[in-house]
Amino acid sequence: MPDLFGNLTAPAAMTDAVQKMRKIVKPEIESTWDDAWKANLAPWDAGEIQPPLREAIGINTDGVNWPKTGQALVPGCGAGYDVLYLASTLGLRAMGLDISQTVVNKANELAKNNPPSQGEATFGATDFFAYPPGEGFDLIYDYTFFVAIPPRRRPEWGKKMAELIKPGGFLITLVFPMDPYSEGGPPHYVRPEHYDNPLGSAFEKIVDRAPETSEKGHVGRERLLVWKRKDNQSIN
């Protein structure tokens, strides 16, 4: 698989696949994400979960009391690797949302051929911002979804996270790619502090560190943040 959004030695240089993807994907036009998947232009798809997620959940380096029952959500889930991992590792009812029906079909096929060892894995071609809260989620994982949406929607992203996550629930944000500033996207320019204002006072940051293990080309370009939803606290 191509390295996601460039490489470590030349982070400002986009790979050929990313350049082609940017010609297709217009974040303001949601259907263009499906066009990219149909064209097999998904350079963010590493074909497996990212090592920091395994480090955080499977190894539990930080000693977080992760939920072992309830629901998990992965917005912008792509082919569904993270959804299957959360279900199998924690025993949760894990759901993946993606705006692309093409990749949701791919995720359903992956789950059919590789069902989780415990828990459940389901997928839906649904807009994250329009998803109803229902009973709420115990865990949400965001990897590259934050940088895929237009930056002007980041406050809306934070409000939606506060709406969807139960008090006491967790939000994992794997911040990537932390490259030098550039115009345009996706991926849009990001730094760890960019999450602070959108999440407001509704979350407490309980983990903030560089991963001990990163995919080749990601070293020095990502940071693991874990947030805990405060009780009865709304976004300011």
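## Salt bridges, aromatic pairs and nonpolar cores

D196, K205, D208 and R223 are joined to one another in a network of salt bridges. The model you have in front of you is a predicted one, and the structure holds 10 salt bridges in total. Alongside these charged contacts there are 10 aromatic pairs, and the largest nonpolar core takes in 32 residues. Here is a friendly tour, topic by topic.

**Salt bridges**

- R209 and E55 form a salt bridge in which the closest N and O atoms are 2.6 Å apart.
- R209 belongs to strand β6 (residues 203-209) and E55 to helix α3, so this pair ties together parts that are 154 residues apart in sequence.
- Both partners of that bridge, R209 and E55, are buried.
- D138 and K166 also meet through their side chains, in a salt bridge of 3.5 Å from N to O.
- The D138 and K166 pair links distant parts of the chain, with D138 in strand β4 and K166 in strand β5, 28 residues apart.
- The two ends of this bridge fall into separate accessibility classes: D138 has 14% relative accessibility and counts as buried because the cut-off is under 20%, while K166 is partly exposed, with a relative accessible area of 26%.
- A further salt bridge brings together the side chains of D179 and R221, at 2.7 Å from N to O.
- Here, too, distant parts of the chain are linked: D179 is in the loop between β5 and α8 (196-199), R221 is in the loop between β6 and β7, and 42 residues separate them.
- D179 and R221 are both buried.

**Aromatic pairs**

- A pair of aromatic rings is described by how far apart the centres are and by the angle of the planes.
- F129 and F145 make a tilted pair, 6.2 Å from centre to centre and with 35° between the planes.
- This pair links distant parts of the chain, as F129 is in the loop between β3 and β4 and F145 is in helix α6 (residues 145-148), 16 residues apart.
- F129 and F145 are both buried.
- The rings of F146 and W157 have planes at 75° and centres 4.7 Å apart, so this pair counts as edge-to-face.
- Helix α6 holds F146 and helix α7 (residues 154-164) holds W157, so to speak of this pair is to speak of a link between distant parts of the chain, 11 residues apart.
- F146 is buried at a relative accessible area of 0%, and W157 is buried with a relative accessible area of 0% as well.
- F128, F129 and F145 together form one aromatic cluster.

**Charges over rings**

- R153 lies over the face of F129, 4.0 Å from the ring centre.
- R229 has its charged end over the ring of F203, at 5.6 Å from the centre of that ring.

**Nonpolar cores**

- Within the largest nonpolar core, the residues that touch the most other members are I57, W66, L86, L139 and I172.
- Elements giving two or more residues to this core include the helices α3 (51-59), α4 (81-90) and α5 (101-113).
- Strands are on that list as well, among them β1 (71-75), β3 (120-124), β4 (137-143), β5 (165-175) and β7 (223-229).
- Helix α4 gives the most to this core, with six residues.
- Leaving aside residues up to four places away in sequence, L86 touches L53, I57, A72, V74, G91, L92, A94, L139 and Y141.
- A second, separate core has 26 residues, including F129, F145, L171 and W227.

**A72 and its surroundings**

- A72 is placed in strand β1, and this residue counts as buried at 0% relative accessibility.
- With residues up to four places away in sequence not counted, A72 touches L86, L92, R93, A94, M95, F137 and L139.
- A72 and L90 lie 18 residues apart in sequence, with a C-alpha to C-alpha distance of 9.5 Å.

Technical notes:
Residues are numbered from 1 along each chain as its sequence is written. This is a predicted model: local features need pLDDT of at least 70, side-chain atom pairs count only at pLDDT 80 or more; totals for chains, interfaces and linings use all residues. Side-chain values use heavy atoms; hydrogens and water are left out. A nonpolar core is a set of buried Ala, Val, Leu, Ile, Met, Phe, Trp, Tyr and Cys residues joined through side-chain atoms within 4.5 Å. Buried means under 20% relative accessible area, exposed over 50%, partly exposed in between (1.4 Å probe, protein chains only). Helices (H or I, at least four residues) and strands (E, at least two) are DSSP runs, numbered from the N terminus. Contact means heavy atoms within 4.5 Å. Rings of Phe, Tyr and Trp (its six-membered ring) pair if their centres lie within 6.5 Å; planes under 30 degrees apart count as stacked, over 60 as edge-to-face and the rest as tilted. A charge sits over a ring if NZ of Lys or CZ of Arg is within 6 Å of the ring centre and within 35 degrees of the ring normal. A salt bridge is a side-chain nitrogen of Lys or Arg within 4 Å of a carboxyl oxygen of Asp or Glu.
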